[in-house]
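Me: I'm new to this structure and would like a close look at one part of it. Could you pick a spot to start from and walk me outward from there?

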Amino acid sequence: MVAVIEDDESYRAAVQRLLKSAGFSVQSFGSAEAFLNSGQQHETGCLISDIRMPGMSGLELQSKLNSDHCRIPTIFITAHGDEKMRLQAMRGGAVKFLTKPFDDETLLEAVRVALTN
């Protein structure tokens with residue numbers, strides 16, 4: 001299952017539609033806290049998360065999952081990325097760091113790679 005965590009509802013729905021159209025099982029969440037409260041961490045094969053969200057950020061979520069020994073291949077998506085943020089994400093084990101807007105096929109390929117590793 002692919003989990004999408006994005007606070008922008010229309011963007012979250014668009015990513016979910018794209019993934020479902022490519023045949024992936026998808027669940028989406030409006031916040032990192034909603035994902036953590038869902039208990040879906042151990043059923044998640046790939047996580048797609050925005051970086052900047054109200055409450056817990058995507059990087060804080062990554063850190064929490066790592067400290068809980070719950071390594072989920074993660075793809076970060078952001079409209080406000082910088083090199084320092086990208087390096088922090090990649091050091092934390094991110095599979096990919098995509099800056100919005102990005103090509104649909106780029107995201108789908110990153111998900112395929114994440115699910116096969």
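Reply: Let's start at Asp-50, which counts as buried because its relative accessibility is 5%; buried means under 20% relative accessible area, exposed over 50% and partly exposed in between, with a 1.4 Å probe and protein chains only. Before going on, please keep in mind that this is a predicted model, in which local features need pLDDT of at least 70 and side-chain atom pairs count only at pLDDT 80 or more, while totals for chains, interfaces and linings use all residues. Residues are numbered from 1 along each chain as its sequence is written, and side-chain values use heavy atoms, with hydrogens and water left out.

Asp-50 lies in strand β3; helices (H or I, at least four residues) and strands (E, at least two) are DSSP runs, numbered from the N terminus. Leaving aside neighbours within four places in sequence, Asp-50 is in contact with Ile-5, Glu-6, Asp-7, Gly-58, Phe-76, Ile-77, Thr-78 and Lys-100, where contact means heavy atoms within 4.5 Å.

Two of those names are worth following: Glu-6 and Lys-100. Glu-6 sits in the loop that runs between β1 (2–5) and α1 (9–21). With a relative accessible area of 1%, Glu-6 is buried too. The side chains of Glu-6 and Lys-100 are joined by a polar contact of 3.0 Å. A polar contact is a pair of N or O atoms within 3.5 Å; within protein, one must be able to donate a hydrogen and the other to accept it, and residues adjacent in sequence count only if both atoms are side-chain atoms. Not counting residues up to four places away in sequence, Glu-6 also touches Tyr-11, Arg-12, Phe-29, Gly-30, Asp-50, Met-53 and Ile-77.

What kind of peptide bond leads from Lys-100 to Pro-101? It is cis, with omega near -10°. Pro-101 belongs to the loop between β5 (94–99) and α5.

That loop brings us to α5, residues 104–116. How do α1 and α5 pass each other? Their axes come within 11 Å and cross at roughly 65°; axes are lines fitted to C-alpha atoms, for helices over the stretch in contact, and angles run from 0 to 180 degrees between N-to-C directions. The crossing of α1 past α5 is right-handed, meaning that the near helix is turned clockwise from the far one by less than a right angle, whereas anticlockwise would be left-handed. On the α1 side, Val-15, Leu-18 and Leu-19 take part, and they meet Asp-104, Leu-107, Leu-108 and Val-111 in α5. These contact residues divide into 6 nonpolar, no polar and 1 charged. Here Ala, Val, Leu, Ile, Met, Phe, Trp, Tyr, Cys and Pro count as nonpolar, Asp, Glu, Lys and Arg as charged, and the others, Gly among them, as polar.

Now for the interior. In soluble globular proteins, nonpolar side chains tend to be buried together. The largest nonpolar core has 18 residues, and those with the most contacts inside it are Leu-19, Ile-48, Ile-75, Leu-107 and Val-111. Such a core is a set of buried Ala, Val, Leu, Ile, Met, Phe, Trp, Tyr and Cys residues joined through side-chain atoms within 4.5 Å. At least two residues of this core are supplied by each of β1, α1, β3 (46–50), β4 (74–78) and α5. The largest share, 5 residues, comes from α5.

Val-111, found in helix α5, is buried because its relative accessibility is 0%. Apart from neighbours within four places in sequence, Val-111 is in contact with Val-2, Leu-19, Phe-24, Cys-46, Ile-48 and Ile-75. Ile-75, with the same kind of neighbours left aside, is in contact with residues including Cys-46, Ile-48, Val-95, Leu-98, Leu-107 and Val-111.

Apart from this core lies another, of 13 residues, among them Phe-29, Leu-36, Cys-70 and Ile-72. Cys-70 is in the loop between α3 (58–67) and β4, and at 8% relative accessibility it counts as buried. In that loop you will also find His-69, which is exposed, with 72% relative accessibility. His-69 has a positive phi of about 60° although it is not a glycine.
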